[in-house]
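Here are some reading notes for a colleague who is opening this structure for the first time. Please keep the model on screen while going through the points.

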Amino acid sequence: MKTLTSTEELAQFCQMARGYPYVTIDTEFLRERTYYSKLCLIQLAVPEEGDDSAVLVDPLVGDMSLEPLYDLFRDTSVVKVFHAARQDLEIFFVEAGVFPNPLFDTQVAAMVCGFGEQAGYETLVRKIAKQGVDKTSRFTDWSRRPLTEAQKKYALADVTHLRKIYEFLAAKLEETGRSHWVEEELAILTNPETYVIKPSEAWRRVKTRTTSPKFLSIVRELARFREGYAQSRNVPRNRVFKDDALVELASTKPGNMNDLGRSRLLLREARKGEIAEGILSAIQVGLECPPEDMPKVEAKNDRQQVNPALADLLRVLLKAKTESSGVAPKLIATASELDALASGERDVAALQGWRKEVFGEDALRLCDGQVALAAKGGSVRIIKL
């Protein structure tokens with residue numbers, strides 16, 4: 001098991017990798033104590049079998065530059081293969097503003113090829129590569145050095161088995177003509193907006209039962225402060241204060257340090273210093289927000305009543321479509337999208353791109369009363385009216 005620890009070694013491997021049609025890639029990282037993921041290890045493998053065909057890249061040792069890897073990412077003649085790529089891509093985008101191009105995500109491809117929702121790597125290794133994966137090193141501390149032999153073996157398995165998985169799924173997509181379906185999904189993964197969290201929009205992630213604009217204006221300012229503070233200091237947002245404390249603060253609206261000290265849910269560190277001052281300032285800004293600038297929760301389903309019978313029929317149609325196509329249900333349409341369709345909404349992802357081809361067109365016909373559903377044995381048929 002070869003470990004690369006210098007820029008020169010990395011450059012040599014990446015140059016060699018450019019002679020192949022694809023390279024498999026994975027990372028190990030930590031995020032428990034930081035806002036942004038800390039990259040601890042990179043695994044790379046080319047299709048050829050052999051001692052030098054798969055390597056570990058250790059960015060924590062020496063003074064390594066990852067620019068050779070980023071150059072490989074930019075080389076459009078080599079497909080970059082990941083499994084469940086989102087967090088890996090976020091690391092590289094935050095670090096260098098670069099996305100692998102072209103990209104292939106075996107998890108997305110597996111969901112399109114009939115392997116169910118959120119197809120796990122171990123499942124694909126077992127079903128496609130006919131191998132097992134030792135999980136004992138999964139939750140180890142990847143920032144500690146030296147790495148054990150067990151850690152290295154586990155890490156390399158994430159890219160060596162991926163070769164067979166990629167080749168199988170790529171052939172399956174070509175055979176079924178569904179490659180463009182995967183490409184539509186990957187366009188989301190390589191969109192910078194997927195990874196940019198704007199402090200001004202952070203309030204939308206906070207779950208509250210109250211939709212009062214004045215209450216939400218305070219929630220917005222508290223979430224804005226927390227997100228900005230966490231980003232600037234690279235600490236997890238929950239280490240600043242948690243969502244339940246944020247909602248409590250928006251409800252009690254403390255006006256000074258003494259009031260803040262009465263909070264039941266606020267961490268001790270947040271009751272003093274910069275965080276406490278930031279909380280009080282955010283609450284004041286939220287209270288002084290003009291009515292026209294207060295946030296409002298979009299309640300689409302309030303404008304048109306959800307038709308429960310139609311929603312149930314759409315679920316039956318989705319089940320029939322997923323069984324006939326072999327595509328994971330949640331990849332086609334979520335429960336909330338089905339309810340939105342049943343309430344008259346048409347601006348939903350299930351009516352766009354390949355989803356419209358698989359499900360959306362018949363869903364619209366069902367909503368418009370142009371088709372009906374009939375059960376025959378264990379299957380559901382669509383009948384034109």
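**Notes on the model**

1. Start in helix H8, at a charged pair. The side chains of Arg224 and Glu221 meet in a salt bridge, 3.1 Å from N to O. This is a predicted model, so side-chain atom pairs count only at pLDDT 80 or more. Arg224 and Glu221 sit three residues apart in H8 (residues 213–233), so about one helical turn separates them. The background is simple: an α-helix has 3.6 residues a turn, so residues three or four places apart point the same way. The two partners differ in exposure. Glu221 is buried, at 11% relative accessible area, while Arg224 is partly exposed, at 32%.

2. How many salt bridges does the structure hold? The count is 21. One of them pairs Asp58 with Arg145, and the closest N and O atoms are 2.7 Å apart. Asp58 lies in the loop between strand E4 (54–57) and helix H2 (67–74). Arg145 lies in the loop between helix H5 (121–129) and helix H6 (149–176). The pair therefore ties together parts that are 87 residues apart in sequence. Is Asp58 buried or exposed? Asp58 has a relative accessible area of 4%, and under 20% counts as buried, so Asp58 is buried. Arg145 is partly exposed, at 29%.

3. Next, look at Asp259 and Arg262. They form a salt bridge with 2.6 Å between the closest N and O atoms. Asp259 is partly exposed, with 29% relative accessibility. Arg262 is exposed, with 60%. Elsewhere, Glu67, Asp71 and Arg74 are joined into one network by salt bridges that share partners.

4. Now the largest pocket. Its space comes to about 720 Å³. Its lining counts 24 residues, and Thr27, Glu28, Phe29, Arg138 and Tyr154 are the closest to its centre. Which elements supply at least two residues each to this lining? They are strand E2 (22–30), helix H3 (86–96), H5 and H6. E2 gives the largest share, with six residues. By class, the lining has 10 nonpolar, six polar and eight charged residues.

5. The second largest pocket has a volume of about 320 Å³. There are 14 lining residues, and those nearest the centre are Gln107, Val108, Gln118, Glu185 and Leu189. Helix H4 (106–112) and helix H7 (179–189) are the elements that contribute two or more residues to this lining. Seven of the lining residues are nonpolar, three are polar and four are charged.

6. H3 deserves a separate look. It is one of the elements that line the largest pocket. Which residues of H3 are buried? They are Asp88, Leu89, Glu90, Ile91, Phe92 and Phe93. The buried residues of H3 pack against a mixed set of partners: E2, strand E3 (38–45), H2, strand E5 (79–82), strand E6 (103–105) and H7. H7 also helps to line the second largest pocket. Just after H3 comes Gly97, with a positive phi of about 65°.

7. Thr7 is a spot to check near the start of the numbering. It belongs to helix H1 (residues 7–17). Thr7 is partly exposed, at 26% relative accessibility. Leaving out residues up to four places away in sequence, Thr7 touches Asp63, Met64, Ser65 and Pro68. From Thr7 to Val159 the C-alpha distance is 21 Å, and the two are 152 residues apart in sequence.

8. Last, step back to the whole chain. It is divided into domain 1 (2–194), domain 2 (199–293) and domain 3 (308–384). What distance separates the centres of domain 1 and domain 2? Taken over C-alpha atoms, it is 38 Å. Domain 1 puts six residues in contact with eight residues of domain 2.

Definitions and conventions. Residues are numbered from 1 along each chain as its sequence is written. This is a predicted model: local features need pLDDT of at least 70, side-chain atom pairs count only at pLDDT 80 or more; totals for chains, interfaces and linings use all residues. Side-chain values use heavy atoms; hydrogens and water are left out. A salt bridge is a side-chain nitrogen of Lys or Arg within 4 Å of a carboxyl oxygen of Asp or Glu. Helices (H or I, at least four residues) and strands (E, at least two) are DSSP runs, numbered from the N terminus. Buried means under 20% relative accessible area, exposed over 50%, partly exposed in between (1.4 Å probe, protein chains only). On a 1 Å grid over the protein atoms alone, a cavity is a set of points where a 1.4 Å probe fits but cannot get out, and a pocket is an open set with protein on both sides within 12 Å along at least five of seven lines; lining residues have an atom within 4 Å of a point. Grid points are joined across faces, edges and corners, and a volume is the space filled by probe spheres set on the points. Ala, Val, Leu, Ile, Met, Phe, Trp, Tyr, Cys and Pro count as nonpolar, Asp, Glu, Lys and Arg as charged, and the others, Gly among them, as polar. Domain bounds come from an automatic or database domain assignment. Contact means heavy atoms within 4.5 Å.
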